[in-house]
Amino acid sequence: MRLPELAIALACTLPLAACKPDPVPKPRGYFRIDLPEQRYAVWEHEAPFSAEVPAHVRMLPRPTENDSRWFDMWFTGQRATMHLTWSPIRGDLQNLIEDAHTFKGKHESMATRIGRERIMRPGDRVFGTLFHVDGDVASPMVFYLTDSVQHFLYGALYFEARPNADSLAPVTDRIRSDIRHFAVTLRWSP
(Lines give C-alpha, C1' and ligand atoms only; values in the text may rest on other atoms or scores of the structure.)
Protein backbone atom coordinates (compact mmCIF):
# COMPACT_ATOMS: atom_id res chain seq x y z
CA MET A 1 0.00 0.00 0.00
CA ARG A 2 1.28 3.36 -0.93
CA LEU A 3 1.13 6.45 1.20
CA PRO A 4 -1.96 8.02 -0.44
CA GLU A 5 -3.89 4.75 -0.15
CA LEU A 6 -2.80 4.36 3.49
CA ALA A 7 -3.97 7.90 4.26
CA ILE A 8 -7.36 7.23 2.66
CA ALA A 9 -7.75 3.95 4.62
CA LEU A 10 -6.89 5.69 7.91
CA ALA A 11 -9.20 8.59 7.13
CA CYS A 12 -12.09 6.16 6.61
CA THR A 13 -11.49 3.92 9.67
CA LEU A 14 -10.49 6.54 12.21
CA PRO A 15 -13.95 8.15 12.49
CA LEU A 16 -15.52 4.71 12.97
CA ALA A 17 -13.14 3.84 15.83
CA ALA A 18 -13.68 7.17 17.55
CA CYS A 19 -17.48 6.94 17.56
CA LYS A 20 -18.31 6.28 21.19
CA PRO A 21 -21.18 7.79 23.13
CA ASP A 22 -20.33 10.83 25.19
CA PRO A 23 -19.70 9.98 28.87
CA VAL A 24 -22.65 10.75 31.12
CA PRO A 25 -22.06 11.39 34.84
CA LYS A 26 -23.97 9.01 37.07
CA PRO A 27 -25.96 10.37 39.99
CA ARG A 28 -24.55 9.76 43.44
CA GLY A 29 -26.07 6.68 45.00
CA TYR A 30 -26.24 5.11 48.42
CA PHE A 31 -25.94 1.52 49.51
CA ARG A 32 -29.07 -0.44 50.18
CA ILE A 33 -29.78 -0.63 53.90
CA ASP A 34 -30.86 -4.01 55.25
CA LEU A 35 -32.14 -3.64 58.79
CA PRO A 36 -32.17 -6.67 61.08
CA GLU A 37 -35.39 -8.17 62.38
CA GLN A 38 -36.81 -6.27 65.34
CA ARG A 39 -36.28 -8.70 68.23
CA TYR A 40 -35.36 -7.88 71.81
CA ALA A 41 -33.56 -9.57 74.69
CA VAL A 42 -33.38 -8.59 78.35
CA TRP A 43 -30.04 -7.03 79.23
CA GLU A 44 -28.91 -7.29 82.82
CA HIS A 45 -25.40 -6.44 83.80
CA GLU A 46 -23.66 -5.01 86.81
CA ALA A 47 -25.73 -1.92 86.18
CA PRO A 48 -28.36 -0.28 88.35
CA PHE A 49 -30.98 -0.97 85.68
CA SER A 50 -32.16 -3.61 83.24
CA ALA A 51 -34.07 -3.28 79.99
CA GLU A 52 -34.88 -5.00 76.74
CA VAL A 53 -32.34 -4.16 74.05
CA PRO A 54 -32.33 -5.15 70.37
CA ALA A 55 -31.04 -8.70 70.01
CA HIS A 56 -28.43 -7.62 67.42
CA VAL A 57 -26.69 -4.96 69.55
CA ARG A 58 -23.63 -5.43 71.69
CA MET A 59 -23.72 -3.85 75.12
CA LEU A 60 -20.21 -2.79 76.10
CA PRO A 61 -19.40 -1.44 79.57
CA ARG A 62 -16.71 1.25 79.58
CA PRO A 63 -14.31 2.16 82.39
CA THR A 64 -15.40 5.07 84.57
CA GLU A 65 -13.59 7.51 86.82
CA ASN A 66 -16.28 8.28 89.39
CA ASP A 67 -19.58 6.91 90.70
CA SER A 68 -21.14 7.10 87.24
CA ARG A 69 -21.29 4.07 84.96
CA TRP A 70 -20.88 4.18 81.20
CA PHE A 71 -22.17 1.73 78.62
CA ASP A 72 -22.16 1.66 74.83
CA MET A 73 -25.11 0.15 72.98
CA TRP A 74 -23.32 -0.70 69.74
CA PHE A 75 -25.52 -1.21 66.66
CA THR A 76 -22.86 -3.15 64.74
CA GLY A 77 -24.55 -3.43 61.34
CA GLN A 78 -25.69 0.19 61.36
CA ARG A 79 -22.36 1.71 62.44
CA ALA A 80 -24.07 3.53 65.29
CA THR A 81 -23.54 3.74 69.05
CA MET A 82 -25.89 4.90 71.80
CA HIS A 83 -23.61 6.15 74.59
CA LEU A 84 -25.30 5.63 77.97
CA THR A 85 -24.28 7.30 81.22
CA TRP A 86 -25.88 6.32 84.52
CA SER A 87 -25.32 8.69 87.45
CA PRO A 88 -26.51 8.54 91.04
CA ILE A 89 -28.69 11.46 92.10
CA ARG A 90 -27.20 13.38 95.01
CA GLY A 91 -29.52 16.33 95.29
CA ASP A 92 -28.50 17.43 91.78
CA LEU A 93 -31.42 16.15 89.69
CA GLN A 94 -32.20 19.61 88.30
CA ASN A 95 -28.57 20.07 87.18
CA LEU A 96 -28.53 16.64 85.50
CA ILE A 97 -31.74 17.45 83.60
CA GLU A 98 -30.42 20.88 82.61
CA ASP A 99 -27.19 19.27 81.32
CA ALA A 100 -29.28 16.95 79.12
CA HIS A 101 -31.22 19.93 77.74
CA THR A 102 -27.99 21.91 77.22
CA PHE A 103 -26.45 19.07 75.22
CA LYS A 104 -29.59 18.79 73.11
CA GLY A 105 -29.52 22.57 72.65
CA LYS A 106 -26.05 22.40 71.08
CA HIS A 107 -27.68 20.75 68.06
CA GLU A 108 -30.42 23.38 67.61
CA SER A 109 -28.45 25.47 65.12
CA MET A 110 -28.14 22.51 62.71
CA ALA A 111 -31.50 20.91 63.52
CA THR A 112 -34.55 21.36 61.33
CA ARG A 113 -36.80 20.20 64.15
CA ILE A 114 -36.53 18.80 67.67
CA GLY A 115 -39.38 16.59 68.80
CA ARG A 116 -39.99 15.52 72.39
CA GLU A 117 -41.56 12.36 73.66
CA ARG A 118 -42.34 12.18 77.37
CA ILE A 119 -41.89 8.92 79.26
CA MET A 120 -44.21 8.67 82.27
CA ARG A 121 -44.34 5.27 83.97
CA PRO A 122 -45.21 6.03 87.61
CA GLY A 123 -45.72 2.35 88.51
CA ASP A 124 -42.07 1.63 87.69
CA ARG A 125 -40.82 5.09 88.70
CA VAL A 126 -39.45 5.81 85.22
CA PHE A 127 -39.77 9.38 83.97
CA GLY A 128 -37.94 11.25 81.27
CA THR A 129 -37.85 12.66 77.77
CA LEU A 130 -36.70 11.32 74.40
CA PHE A 131 -35.50 14.06 72.04
CA HIS A 132 -35.73 13.37 68.30
CA VAL A 133 -33.32 15.81 66.62
CA ASP A 134 -33.97 16.05 62.86
CA GLY A 135 -31.47 17.45 60.37
CA ASP A 136 -27.79 16.96 59.65
CA VAL A 137 -26.76 16.81 63.31
CA ALA A 138 -24.08 14.83 65.13
CA SER A 139 -26.56 13.18 67.50
CA PRO A 140 -30.07 12.58 66.09
CA MET A 141 -31.40 11.23 69.39
CA VAL A 142 -30.79 12.21 72.99
CA PHE A 143 -32.71 11.06 76.06
CA TYR A 144 -32.75 10.98 79.82
CA LEU A 145 -34.63 8.70 82.19
CA THR A 146 -34.83 9.00 85.97
CA ASP A 147 -36.70 7.81 89.04
CA SER A 148 -36.30 11.34 90.50
CA VAL A 149 -34.64 9.95 93.64
CA GLN A 150 -31.60 7.69 93.00
CA HIS A 151 -31.11 7.01 89.28
CA PHE A 152 -30.39 9.20 86.27
CA LEU A 153 -29.69 7.65 82.85
CA TYR A 154 -28.58 9.78 79.90
CA GLY A 155 -28.12 8.58 76.31
CA ALA A 156 -26.87 10.10 73.05
CA LEU A 157 -26.80 8.43 69.63
CA TYR A 158 -23.85 8.83 67.25
CA PHE A 159 -23.16 7.38 63.80
CA GLU A 160 -19.72 6.49 62.47
CA ALA A 161 -20.45 8.56 59.37
CA ARG A 162 -20.84 12.17 58.34
CA PRO A 163 -24.29 13.46 59.35
CA ASN A 164 -26.66 13.09 56.41
CA ALA A 165 -30.23 12.94 57.67
CA ASP A 166 -31.72 11.80 54.35
CA SER A 167 -29.51 8.77 53.82
CA LEU A 168 -29.51 7.81 57.52
CA ALA A 169 -33.28 8.24 57.97
CA PRO A 170 -34.26 4.55 57.81
CA VAL A 171 -31.58 3.59 60.33
CA THR A 172 -32.30 6.56 62.60
CA ASP A 173 -36.03 5.76 62.63
CA ARG A 174 -35.34 2.12 63.53
CA ILE A 175 -32.92 3.02 66.32
CA ARG A 176 -35.39 5.56 67.70
CA SER A 177 -37.99 2.79 67.80
CA ASP A 178 -35.50 0.50 69.56
CA ILE A 179 -34.65 3.17 72.16
CA ARG A 180 -38.35 3.85 72.74
CA HIS A 181 -38.73 0.11 73.48
CA PHE A 182 -35.67 0.30 75.77
CA ALA A 183 -37.31 3.19 77.67
CA VAL A 184 -40.66 1.45 78.15
CA THR A 185 -39.02 -1.76 79.39
CA LEU A 186 -36.41 -0.16 81.67
CA ARG A 187 -36.47 -1.23 85.32
CA TRP A 188 -34.33 0.21 88.08
CA SER A 189 -32.40 -2.25 90.23
CA PRO A 190 -33.26 -2.21 93.93
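## Strand 9 and its partners

Let's begin with one pair of residues: Thr-85 has Tyr-154 as its bridge partner in strand 9. Keep in mind as you look around that this is a predicted model. The pair belongs to a longer match, in which strand 5 (residues 80–88) and strand 9 are joined by nine bridges and run antiparallel.

Strand 9 also pairs with strand 8 (residues 141–146), again in the antiparallel sense, this time over five bridges. Here you can find Val-142, whose bridge partner in strand 9 is Ala-156. Strands 8 and 9 make a hairpin, with four residues between them. In that turn, look for Ser-148, which has a positive phi of about 75°.

## Buried or exposed?

How many of the nine residues of strand 9 are buried? Eight of them are, so strand 9 (residues 151–159) is largely enclosed by the rest of the structure. Buried here means under 20% relative accessible area.

## A three-stranded open sheet

Now turn to another part of the model. Three strands form an open sheet in the order 1-2-10, with antiparallel pairing. Strand 1 (40–44) and strand 10 (187–188) stand at the edges with a single partner strand each, so one side of each has no neighbour in the sheet.

Strand 2 (residues 49–54) is joined to strand 10 by two bridges. At this meeting point, Phe-49 stands opposite Trp-188 of strand 10.

## A helix across the sheet

Which helix lies across strand 1, strand 2 and strand 10? Helix 3 (residues 165–185) does, and it runs at about 150° to strand 2.

Methods. Residues are numbered from 1 along each chain as its sequence is written. This is a predicted model: local features need pLDDT of at least 70, side-chain atom pairs count only at pLDDT 80 or more; totals for chains, interfaces and linings use all residues. Side-chain values use heavy atoms; hydrogens and water are left out. Two strands pair if DSSP finds at least two bridges between them. Contact means heavy atoms within 4.5 Å. Axes are lines fitted to C-alpha atoms, for helices over the stretch in contact, and angles run from 0 to 180 degrees between N-to-C directions. Buried means under 20% relative accessible area, exposed over 50%, partly exposed in between (1.4 Å probe, protein chains only).
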